[in-house]
Amino acid sequence: MQATVGDHLLVHGRIVGQHDRVAEVIEVLGQRGNPPYRVRFEDGHETLMSPGPDCVVQHHQDSPGQAARTGSLGQFGV
């Protein structure tokens, strides 16, 4: 997984009833866009993340049409 500042991470809920969460990448600490990332969630909470398989990156330059062509999720309304 590679991300840049401004990208969003969609973290899927792991158990029934747990909602997906969206975090904005505010700092990339790995080399060449690799984790770990400093992220800020919608509620203002900041943390370091090394995303696992339950996470999808949404690049900030993707347009909705491009997202459909590349298979990414487009803009998140979470």
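Two strands are taken as paired if DSSP finds at least two bridges between them, and helices (H or I, at least four residues) and strands (E, at least two) are DSSP runs numbered from the N terminus. The structure is a predicted model, in which local features need pLDDT of at least 70 and side-chain atom pairs count only at pLDDT 80 or more, whereas totals for chains, interfaces and linings use all residues. Residues are numbered from 1 along each chain as its sequence is written, and side-chain values use heavy atoms, with hydrogens and water left out.

The hairpin formed by strand 3 and strand 4 has four residues between the strands, and G44 in this hairpin adopts a positive phi near 95 degrees. Strand 3 and strand 4 (residues 46-49) run antiparallel and are joined by four bridges; R40 has E46 of strand 4 as its bridge partner. Strand 3 is also antiparallel to strand 2 (residues 21-28), to which five bridges join it. Here, R38 of strand 3 stands opposite E27.

The side chains of strand 3 (residues 37-41) alternate between two faces. Y37, V39 and F41 point to one face and are buried (under 20% relative accessible area, 1.4 Å probe, protein chains only). R38 and R40 point to the other face and are not buried.

In the protein as a whole, one helix and five strands are present, in the order β-β-β-β-β-α from the N terminus. Of the 78 residues, 29% are buried. Contacts (heavy atoms within 4.5 Å) with a separation of 6 or more include 41% between residues 24 or more positions apart. The exposed area is about 5000 Å² (Shrake-Rupley method, 1.4 Å probe), and carbon and sulfur atoms supply 51% of it.

V5 is placed in the segment before strand 1 (8-11). Beyond its neighbours within four places in sequence, V5 is in contact with V25, I26, E27, V28 and H60. The C-alpha atoms of V5 and E24 are separated by 7.8 Å, with the two residues 19 apart along the chain.

A pocket is an open set of points on a 1 Å grid over the protein atoms alone, where a 1.4 Å probe fits, with protein on both sides within 12 Å along at least five of seven lines; lining residues have an atom within 4 Å of a point. The largest pocket holds about 200 Å³ of space, the volume being that filled by probe spheres set on the points, which are joined across faces, edges and corners. Its lining comprises 13 residues, with V11, H12, R14, R21 and D54 lying nearest the centre.

How values were computed:
Buried means under 20% relative accessible area, exposed over 50%, partly exposed in between (1.4 Å probe, protein chains only).
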